[in-house]
Amino acid sequence: MSDIKIQKPEGKLGILLVGLNGAVATTFTAGLLQIRNGFGKPFGSLTQMATIRIGKRIENNFPMIKDFVPLAELEDLVVGGWDINNYDCLEAAKEARVLNEKDTESVSKELERILPMKGVFDKNYVKNIDGTHIKKGKNKYELMEQLREDIRKFKNENKLNRAVVIWTASTEIYITKNSVHQSIESFEKGMKENHPDIAPSMLYAYASLAEGIPFINGAPNLTVDIPAILELAKKNSVPVAGKDFKTGQTLIKTVLAPMFKARMLGLKGWFSTNILGNKDGLVLDEPGSFKTKEESKLSVLNTILQPELYPDLYGNFYHKVRINYYPPRGDDKEGWDNIDMFGWLGYPMQLKVNFLCKDSILAAPIVLDLVLFMDLAQRAGLNGIQEWLSFYFKSPIHSPNVVPEHDLFIQQMKLKNTLRTLMNEETITHINAKLA
Ligand SMILES: NC(=O)c1ccc[n+]([C@@H]2O[C@H](COP(=O)([O-])OP(=O)(O)OC[C@H]3O[C@@H](n4cnc5c(N)ncnc54)[C@H](O)[C@@H]3O)[C@@H](O)[C@H]2O)c1
């Protein structure tokens, strides 16, 4: 039991999407407006559709999550954000070619009114795209200050009580942690000296936390996963979460791999490949951005299978992930997995998965849930890394002294038990065989 006090979700909540013109952002925004107007249902969203068991099994008490925890109402959400292109959200949604015309037309008036603020961008960090709607400043510190000013202005103009910033912009090149990321002091000095290892995404994260606003990273960029930004989150008592939305192939991987381990079935090789034709696919066609994504996708199997504990089963498997840019498919990603496994006496077996998914359709409900849960976390006084939201990420940020949790169903249990704890209910451990 906890004595956590949660502030009520009074007034309006701003959602500031970095990459407002992108496929994920526009699919989310158009979907939110559709749902709010009663034209569509929020499939894929736990906050809107899932129940949570409270108490013992014999009590038969399964409220909706949104009735159990005090979440912001969909009517109170105000969408805004930044992009390096200057399209209104209707035009951008059409350009993204995820939703049918009837779905964008039915909310066209509202979509047209949502326009991006100028972004902070540097082509050195995302080489395959360009923009025209970009801020100018004498150094990175000044650009970060401009982002802070944007946040304050957006809050004032829309009479918001609270806001959440979420990175749904392109994947940046691979950067490793180093001394400039080590403390607030070194990071601020680095921004003033235009240090090359400070990427635009870090400036958005810094600005958001400096304004006391939760930040979520939906891409695999390093971004918040550095000591300086985590220190700022603690100092200003703000929650952060990331990184890289767990949507298609990795979602499947984090369900299948725990099953192999649970049954002590061995693994010889796992070859994963994708074809993808949207702008994200174009960005990931560049080796620097692909390396960031590859690292995020590869980390999953080793952590789940623990080869150090099970050398006979998992000591020597081959794991390869490929993403191929294939324009004809647009946002309709096709993922193939070939899994070579073995059982009793080492006899080989194969499993093939062919997932014909829609990338942004899987990501949009994750955006909604993360925004609502991060706002809840903020009102509950939780700060720093929100590991209970690992459920939504391919590469969950975790404290340095623990390993990340990748198993989808352990992640789900952790999420639900956190909600129970926040609401002063017993956590569910499934160990009382008679009643639990
Ligand atoms: N769709 C999924 O299933 C999924 C899953 C995991 C992660 N992601 C990540 O989410 C991100 C968005 O995906 P998407 O398909 O919407 O991509 P997208 O290319 O359609 O959209 C990205 C948008 O970000 C904008 N942008 C780029 N750099 C910017 C900057 N510095 N400031 C402001 N705007 C900027 C671009 O102009 C573009 O409009 C990508 O990083 C992707 O890897 C997506």
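In the predicted model, strand 1 (residues 12-18) runs parallel to strand 2, and the pairing extends over 6 bridges. Within this pairing, Gly14 lies opposite Val78 of strand 2. Of the 7 residues of strand 2, 6 are buried, so this strand is largely enclosed by the rest of the structure. Strand 2 also pairs with strand 3, again in the parallel sense, through 2 bridges; here Asp83 stands opposite Lys118 of strand 3.

These pairings belong to an open sheet of 7 strands, which has parallel pairing and the strand order 3-2-1-4-5-6-11. Strand 3 (117-118) and strand 11 (384-385) form the edges, each of them pairing on one side only. Towards the strand 11 edge, strand 5 (residues 215-217) is joined to strand 6 by 3 bridges, the two strands running parallel, and Phe215 has Val240 of strand 6 as its bridge partner. Strand 6 (residues 239-242) is in turn joined to strand 11 by 2 bridges, also with parallel orientation. Val240 recurs in this second pairing, where its bridge partner in strand 11 is Ile385. Both faces of strand 6 are covered: Pro239 and Ala241 are buried on one side, and Val240 and Gly242 are buried on the other.

The domain assignment divides the protein chain into domain 1 (12-245 + 360-422) and domain 2 (249-356). Taken over C-alpha atoms, the centres of the two domains are separated by 26 Å. The contact between them involves 26 residues of domain 1 and 26 residues of domain 2. On the domain 1 side, the residues that touch domain 2 comprise 12 nonpolar, 8 polar and 6 charged residues.

In soluble globular proteins, nonpolar side chains tend to be buried together. The largest nonpolar core of the model contains 107 residues, and Ile166, Ile229, Val367 and Leu370 are those with the most contacts inside it. Helix 15 is the main contributor to this core, giving 12 residues. The core is not confined to one domain, since at least three of its residues come from each of domain 1 (12-245 + 360-422) and domain 2 (249-356). When residues up to four places away in sequence are left out of account, Val367 touches Val24, Phe28, Ile166 and Thr168. Apart from the 107-residue core lies another core, of 10 residues, including Val300, Leu301, Tyr314 and Ile339.

The ligand is surrounded by 35 residues, of which Gly19, Gly22, Gly119, Ala219 and Lys279 are the closest. Two or more residues of this shell are given by each of helix 1 (23-36), strand 2 (77-83), helix 12 (279-284) and helix 15 (359-379). Helix 15 gives the most, with 4 residues; helix 15 is thus the leading contributor both to the ligand shell and to the largest nonpolar core. By class, the shell consists of 17 nonpolar, 13 polar and 5 charged residues. Because domain 1 (12-245 + 360-422) and domain 2 (249-356) both give residues to the shell, the ligand lies between the two domains.

Terms used. Residues are numbered from 1 along each chain as its sequence is written. This is a predicted model: local features need pLDDT of at least 70, side-chain atom pairs count only at pLDDT 80 or more; totals for chains, interfaces and linings use all residues. A residue is near a molecule or strand if its C-beta atom, placed from the backbone, lies within 6 Å of it. Ala, Val, Leu, Ile, Met, Phe, Trp, Tyr, Cys and Pro count as nonpolar, Asp, Glu, Lys and Arg as charged, and the others, Gly among them, as polar. Domain bounds come from an automatic or database domain assignment. A nonpolar core is a set of buried Ala, Val, Leu, Ile, Met, Phe, Trp, Tyr and Cys residues joined through C-beta atoms within 7 Å. A residue is buried if 20 or more other C-beta atoms lie within 10 Å of its own, exposed if 12 or fewer, and partly exposed in between; C-beta atoms are placed from the backbone. Two residues are in contact if their C-beta atoms, placed from the backbone, lie within 7 Å. Two strands pair if DSSP finds at least two bridges between them.
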